[in-house]
Each structure stands twice: as structure tokens, then as C-alpha cells.
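Work through the exercises below with the model open. Each task is followed by a stepwise solution.

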Amino acid sequence: MQFGIFSVGDVTTDPTTGRTPTEHERIKAMLAIARKAEEVGLDVFATGEHHNPPFVPSSPTTMLGYLAAKTERLILSTSTTLITTNDPVKIAEDFAMLQHIADGRVDLMMGRGNTGPVYPWFGQDIRQGIPLAIENYALLRKLWDEEVVDWQGRFRTPLQGFTSTPRPLDGVAPFVWHGSIRSPEIAEQAAYYGDGFFANHIFWPTGHFQKLIDLYRDRFAHYGHGTREQAYVGLGGQVFIGRNSQDAVREFRPYFDNAPVYGHGPSLEEFTSETPLTVGSPQEVIEKTLTFRESFGDYQRQLFLMDHAGLPLKTVLEQLDLLGEEVVPVLRKELEKDRPAGTAEAPTHAARVAAARSEQSERSEQSDKEQQEEVSA
């Protein structure tokens with residue numbers, strides 16, 4: 001299992017003080033949060049991609065490149081890379097470059113994006129979101145997998161004899177998660193390529209995401225990538241941790257009640273009963289997170305949203321201390337204890353390079369054997 005945090009990079013007013021951080025402060029806060037994640041023993045930091053206020057992370061690879069120089073172990077990822085409005089050629093080159101800079105500590109999560117006005121800003125039509133996601137990702141894979149690419153599609157100019165540079169580190173492209181809130185087509189796409197499927201398990205009830213993950217697992221096996229249990233599943237979630245439940249609820253309630261994505265709708269109690277949001281003691285966070293396996297099966301990556309709703313940096317760093325010291329160690333132990341043999345391991349660059357070399361060696365041995373049989377005949 002890999003545990004980490006993801007950020008959407010929102011600039012939100014703190015309802016308890018009335019103060020709104022500047023963009024500069026928010027960007028610096030995200031960098032501090034990522035470095036803190038490594039300090040407390042987490043495995044992954046992921047940033048979103050947004051091109052509209054009130055969000056700041058418009059250039060994820062710039063942020064992750066900086067963090068590559070400031071961290072040693074942390075896997076650097078995105079919680080959305082917009083496969084619909086970014087040029088696949090630029091994605092291929094940017095993330096291969098980032099792979100080299102970070103010595104392989106890189107993966108990314110593809111997403112369509114759900115902010116309508118962003119599409120025309122980049123010359124696209126949101127009504128073509130699914131076809132764009134499918135075509136652009138097919139081209140991205142081709143750019144990473146093939147040295148010289150000839151290609152023609154619906155949404156960009158053709159390529160003739162094109163080589164994306166730099167080539168992926170060690171000949172192995174970054175691992176890709178496909179993130180989705182509601183689209184079975186994206187679960188199908190993830191399964192087709194043998195990639196990971198990340199259910200952004202935040203706002204909607206468990207039953208909704210069970211259907212998407214079951215579809216992905218079934219189709220992963222259908223396409224011959226392994227058993228259902230060998231599929232790569234990631235989950236989102238959000239927590240606010242206090243030393244006890246009462247303190248956690250009291251401190252988080254004004255943020256929940258006024259946050260753009262939460263406030264003025266269901267109560268905090270209603271929301272926590274219907275979604276993964278957990279507001280409580282470390283033990284309560286542990287207990288609710290452990291129920292995810294009951295709903296979705298054994299999975300490979302758990303990311304928590306913690307720096308949102310206007311929470312000040314000091315509070316988020318305190319939350320990370322509690323997460324890293326009191327929550328994640330117990331989750332690691334409990335989730336590994338009964339993990340069935342044959343369940344997929346969390347993807348890392350080193351493991352994927354080893355698997356690629358083993359597969360290449362097997363193909364070479366099989367080719368040699370066939371040649372010897374032909375000579376003997």
C-alpha cells in the first residue's frame with residue numbers, strides 16, 4: 001500500500017479569521033505540505049491541475065520538478081493531468097523529463113476536468129470530453145512506447161516521423177492512473193491499457209464507486225492483464241483529525257459550513273455518514289478507512305485531501321503529524337495483515353523496470369529456443 005496526500009490547490013478564505021491567502025502564499029504552502037508529507041513517512045504527494053481561479057496549480061510539472069530536488073523518497077504525482085486540454089506531445093515530454101529529474105519517482109493521473117470554460121481556453125469542446133480523453137491518451141501511450149511515431153487523429157495535427165524527447169527513463173514510461181468520479185468509459189480505458197484506476201472517493205456514496213471499480217476489475221481481467229485482484233486501484237478520501245472526536249468536529253465545523261464545495265448543503269454529520277469524509281480522532285479515521293477495503297477489495301494507493309476549505313498551513317501541518325505518526329502506521333499494519341497472496345503491489349518505477357527486463361529476458365529465451373528448434377528440424 002502507498003499512502004499520501006493530494007491537493008487541489010484552492011485559494012479559500014479562512015472563515016474563522018476572514019483572511020484569504022495570496023496565490024504566492026498558497027503555492028508556498030503546497031510546497032511545505034509536500035515536504036512535510038515525506039518528513040512524516042508518507043509515500044505520495046499529488047497536485048491537481050487547474051487553469052481558473054480560485055486555484056493555483058496551473059503548472060504541475062514545475063511544482064513537482066522543484067519538489068524532486070527537495071525530497072528523496074516521495075513519489076511525485078498529479079491528482080489530475082488534463083488529458084483533454086493538454087497536448088499529448090507536451091505531456092509525454094514533460095513527464096519523461098520529470099522522470100529523469102526525479103530518478104523515477106514520478107507517476108501521473110489522467111482526468112478530463114469538469115470545468116466547462118477551460119475547454120475553449122485551450123481550443124477544445126467539453127462535449128467532446130470522452131472522445132478527447134480516449135484519443136489523446138492513445139497518442140500519449142504511442143509516444144512513450146514507440147521511438148518514431150506516425151499518427152493521425154481527429155483532434156490535433158498529424159505526426160510524421162516524430163520522436164518524443166527525452167525518452168522515458170530506463171525505457172519504462174511513468175505509471176498512469178485514470179481518475180474518474182462518474183465515467184465508466186474511463187474505467188474501461190484504464191482496464192484496456194492495464195493502467196491504474198483512481199476513484200476520487202470524496203463526494204459521492206460508496207455504492208457509486210463500487211460499480212466503477214467492479215467494472216474496472218472485470219475489464220482488467222478481460223483484457224488479460226491479470227486477475228481482478230491484480231488490478232491497480234487507488235482511492236481518495238478526506239480527513240480532519242483531532243485528539244478526540246469532539247475537538248475535531250468543533251474545529252472543522254466552521255470550515256465545512258463555509259467551504260465552497262461543502263457549505264450550505266448537507267450538515268457535517270449527514271456528509272460524514274454518506275461519504276468518506278472522516279472528522280474525528282485518529283482511531284476513528286483508522287476505523288473508517290479500514291472499511292474501504294470491505295467495499296472495494298484490497299487496493300494499492302490511498303490519498304487523503306487535507307489542505308482545503310481554507311484551513312491554515314499551521315493546522316494542515318499539525319494534521320500531517322497526526323496522520324503520519326498515529327494513523328498511517330496502523331493502517332499499513334492492518335491492511336497488510338490479511339492481504340491475499342497475488343494481490344498487486346503498489347506500482348513503483350523500480351518494480352516496473354524489473355518486470356520489463358524480466359519479460360524481455362523471457363521473450364529472448366523463447367526466441368532462442370524457437371531458433372534452436374528450427375535448426376534441429
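**Exercise 1: positive phi**

At 44% relative accessibility, D170 counts as partly exposed, because that class lies between buried (under 20% relative accessible area) and exposed (over 50%), with a 1.4 Å probe and protein chains only. The model is predicted: local features need pLDDT of at least 70, side-chain atom pairs count only at pLDDT 80 or more, and totals for chains, interfaces and linings use all residues. Residues are numbered from 1 along each chain as its sequence is written, and side-chain values use heavy atoms, with hydrogens and water left out.

Task: state the phi of D170 and of D103, and place both residues.

Solution.
1. D170 has phi near 60°, a positive value in a residue other than glycine.
2. D170 sits in the loop between β7 and β8; strands are DSSP runs of E with at least two residues, helices are runs of H or I with at least four, and both are numbered from the N terminus.
3. For D103, also not a glycine, phi is positive and near 55°.
4. The loop between α3 (88–101) and β5 (107–111) holds D103.
5. With 64% relative accessibility, D103 counts as exposed.

**Exercise 2: cis peptide bonds**

Task: give omega for the cis bond from T165 to P166, and locate P166.

Solution.
1. Omega of this cis bond is near -5°.
2. P166 lies in the loop between β7 (159–162) and β8 (175–180).
3. Another cis peptide bond joins P53 and P54, with omega about 10°.
4. P54 belongs to the loop between β2 (44–47) and α2 (60–70).

**Exercise 3: α5 and α6**

Task: describe how helix α5 (residues 129–145) packs on helix α6 (residues 184–193).

Solution.
1. The packing angle is about 15° and the axes are 11 Å apart; axes are lines fitted to C-alpha atoms, for helices over the stretch in contact, and angles run from 0 to 180 degrees between N-to-C directions.
2. α5 and α6 are therefore roughly parallel, a term for angles under 35 degrees.
3. Contact (heavy atoms within 4.5 Å) involves I130, A133, I134, Y137, A138 and R141 of α5, and E185, I186, Q189 and Y193 of α6.

**Exercise 4: α2 and α3**

Task: at what angle do the axes of α2 and α3 cross, and which residues meet?

Solution.
1. The axes cross at roughly 10° and come within 10 Å.
2. α2 and α3 are therefore roughly parallel to each other.
3. On α2, T61, L64, G65 and A68 meet D94, F95, L98 and I101 of α3.

Methods: Parallel < 35°, antiparallel > 145°, perpendicular 65-115°, else oblique.
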